[in-house]
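Subject: Structure handover

Hello,

Here is the structure for you to take over. My notes on the strands, the helices and the pockets follow below it.

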Amino acid sequence: MSCIYLNGKEIFFEYYADNYLNEGCEAEVYIYKNLALKFYKERSIKTGIDKEMVEYLKLIKTKRYLMPVGCITSYSYKFLGYATEFKQHYQTMSSMMFDKFIDEVKFLEEDTLLLSEKGVDIEDLSYDNTIYNGSIYLIDPGSFKISMENKSLPRENLDKLN
């Protein structure tokens, strides 16, 4: 049993095959209660977000982007990764009614503009970072950056979403 900290609160977590969800270039993902815990790999191909970025992003309330809800640290307060809300992926988007799809795109556009307003440059939007369970969710904010000075950020972010 491993002792890690989520938002400074000690939790006991074990890396088991049963709670393993997936992995990408920079992190391994596990389920813990209703959270997806994203642990950065020691030797990642790309750099993910840091503790300060997690703290900033967790204050932004979106409907369809799954934003960090907390930092994961070791007992020595070393940043290990972050947690997001866990959403089960159990349907394919091809089964979605067109009217529902339009509604989901509107939510994604609203969220994208909100993130742009907060100076967040969204990156790494892909089908692999999308889940559908009746609603469309974008699940990987690990490549987001702050870009407060970019006046064209809303247009650039909407282009990336498209």
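Start with the β3 to β4 connection: a hairpin links these two strands through 3 residues. Please keep in mind that this is a predicted model.

**The sheet**

β3 and β4 run antiparallel and are joined by 3 bridges. One pair to look at is Y20, whose bridge partner in β4 is Y30.

Both strands belong to an open sheet of 7 strands. The order is β2-β1-β6-β7-β5-β4-β3, and the pairing is antiparallel. Which strands form the edges? They are β2 and β3, each of which pairs on one side only. From one strand to the next, the twist averages 30°.

For background, strands of a sheet pair through backbone hydrogen bonds, in either a parallel or an antiparallel sense. Side chains in a regular strand alternate between the two faces of the sheet.

**The β1-β2 hairpin**

Now go to the N-terminal strands. β1 covers residues 2-6 and β2 covers residues 9-13. They pair in the antiparallel sense over 5 bridges. Two positions help you find the register. C3 has F12 as its bridge partner in β2. L6 stands opposite K9 in β2.

β1 and β2 form a hairpin, with 2 residues between them. What is the phi of N7, in the turn? The phi of N7 is positive, at about 55°.

**The α2-α3 contact**

Next, the helices. α2 and α3 pack at an angle of about 145°. Their axes are 9 Å apart. The crossing of α2 past α3 is right-handed.

Each helix brings a set of residues to the contact:

- From α2: L108, E109, T112, L113 and S116.
- From α3: L153, P154, N157, L158 and L161.

By class, the residues of this contact are 6 nonpolar, 3 polar and 1 charged.

**The largest pocket**

Rolling a probe the size of a water molecule over the atoms shows where empty space is left. The largest pocket holds about 680 Å³ of space. Its lining has 29 residues. Nearest the centre of the largest pocket are N22, V29, D128, N129 and I139.

Which elements give two or more residues to this lining? They are β3 (20-23), β4 (27-32), β5 (35-40), β7 (79-85) and β9 (130-132). So the hairpin strands β3 and β4 turn up again here, as givers to the lining of the largest pocket. By class, that lining splits into 13 nonpolar, 7 polar and 9 charged residues.

**The second largest pocket**

The second largest pocket has about 270 Å³ of space. It is lined by 14 residues. Closest to its centre are L108, I136, L138, L161 and N162.

The elements that give two or more residues to this lining are α2 (98-117), β10 (136-138) and α3 (153-161). Which of them gives the largest share? That is α2, with 4 residues. The lining of the second largest pocket has 9 nonpolar, 3 polar and 2 charged residues.

Two residues link this pocket to the helix contact. L108 of α2 and L161 of α3 take part in that contact. L108 and L161 are also among the residues closest to the centre of the second largest pocket.

That is the handover.

Best wishes

Note on methods:
Residues numbered from 1 in each chain as written. Predicted model: local features only at pLDDT ≥ 70, side-chain atom pairs only at ≥ 80, totals over all residues. Heavy atoms only, no water. 1 Å grid on protein atoms, 1.4 Å probe; cavity = no way out; pocket = protein on both sides within 12 Å on 5 of 7 lines; lining within 4 Å. Points joined across faces, edges and corners; volume = space filled by probe spheres on them. Nonpolar A, V, L, I, M, F, W, Y, C, P; charged D, E, K, R; others polar. Axes fitted to C-alpha atoms, helices over the stretch in contact; angles between N-to-C directions. Left-handed = near helix turned anticlockwise from the far one by under 90°. Contact = heavy atoms within 4.5 Å. Pairing = 2+ DSSP bridges.
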